[in-house]
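Work through the following exercises with the sequence and the model side by side, and try each task before reading its solution.

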Amino acid sequence: MPTRCLHGLDPSACLICRTLAGDGAPGAAAGPRRGTRRVQRREAAPGPDTGWAPTPPARSAPLVAPAPATGHHLGPVAMLVVAAALLVAVGAAVWLLVGVVFTILRVFELVAVAGGAGWAGYRIGHFRGSRHPRR
């Protein structure tokens with residue numbers, strides 16, 4: 001009767017032992033790796049004589065490219081652009097209106113200050129430059 005490995009299988013058919021051994025010797029520990037990047041050749045997978053046949057890896061379905069844009073998504077983008085333009089236009093209008101209001105207030109301020117200064121100058125000039133004697 002052949003000797004069984006730790007996994008309860010025939011050592012020549014146990015993939016775990018063969019993978020860990022690296023050299024095909026059943027039960028042997030893998031030696032230290034060398035600093036090479038070459039792909040090491042593996043033993044051929046067991047064939048029909050051992051009762052195990054390798055299965056090819058499952059392939060995933062190919063990635064499907066997204067459907068080309070049909071223009072339906074331009075509606076929200078266009079609305080966003082129009083809303084941004086409207087916001088900029090309203091901001092510019094408010095800025096212009098505030099500028100006009102402050103300009104008018106500044107003109108009223110200058111007229112008031114000029115009127116006050118003119119009245120004060122007239123009163124000072126009338127008081128100092130009077131040719132009539134004071135009573």
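**Exercise 1. Decide whether C17 is buried or exposed, and find out why C17 forms no disulfide.**

Solution. Begin with accessibility: C17 has a relative accessibility of 8% and therefore counts as buried, where buried means under 20% relative accessible area, exposed over 50%, and partly exposed in between (1.4 Å probe, protein chains only). This is a predicted model, in which local features need pLDDT of at least 70 and side-chain atom pairs count only at pLDDT 80 or more, whereas totals for chains, interfaces and linings use all residues. Residues are numbered from 1 along each chain as its sequence is written, and side-chain values use heavy atoms, with hydrogens and water left out.

Next, take the sulfur atoms. A disulfide is a covalent bond between the sulfur atoms of two cysteines, and the rule applied here asks for a pair of cysteine sulfur atoms within 2.5 Å. The closest cysteine sulfur to that of C17 belongs to C14 and is 3.7 Å away, which is too far for a bond. C5, which is buried at a relative accessible area of 16%, also has its closest cysteine sulfur in C14, at 3.6 Å, and this is again too far for a bond. The count of disulfides by this rule is 0.

**Exercise 2. Establish in which helix R18 is found, and which backbone oxygen lies 3.2 Å from a polar atom of its side chain.**

Solution. R18 is found in helix α1, which covers residues 15–21; helices (H or I, at least four residues) and strands (E, at least two) are DSSP runs, numbered from the N terminus. With a relative accessibility of 15%, R18 counts as buried. The backbone oxygen in question is that of S12, 3.2 Å from a polar atom of the R18 side chain.

**Exercise 3. Identify the partner of R106 in a salt bridge, and place both residues in the fold.**

Solution. Side chains of opposite charge can pair when their charged atoms come close. By the rule used (a side-chain nitrogen of Lys or Arg within 4 Å of a carboxyl oxygen of Asp or Glu), R106 forms a salt bridge with E109, the closest N and O atoms being 3.1 Å apart. Both residues lie in helix α2, 3 residues apart, or about one turn of the helix. R106 is partly exposed at 46% relative accessibility, and E109 is likewise partly exposed, at 41%. The count by this rule is 1 salt bridge.

**Exercise 4. Describe the chain as a whole: how many helices and strands does it have, and what percentage of its residues is buried?**

Solution. The protein chain has 2 helices and 0 strands. Of its 135 residues, 5% are buried. Finally, F108 lies in helix α2, residues 74–128, and is exposed, with a relative accessible area of 57%.

Key: Polar contact = N/O pair within 3.5 Å; in protein donor to acceptor, adjacent residues only side chain to side chain.
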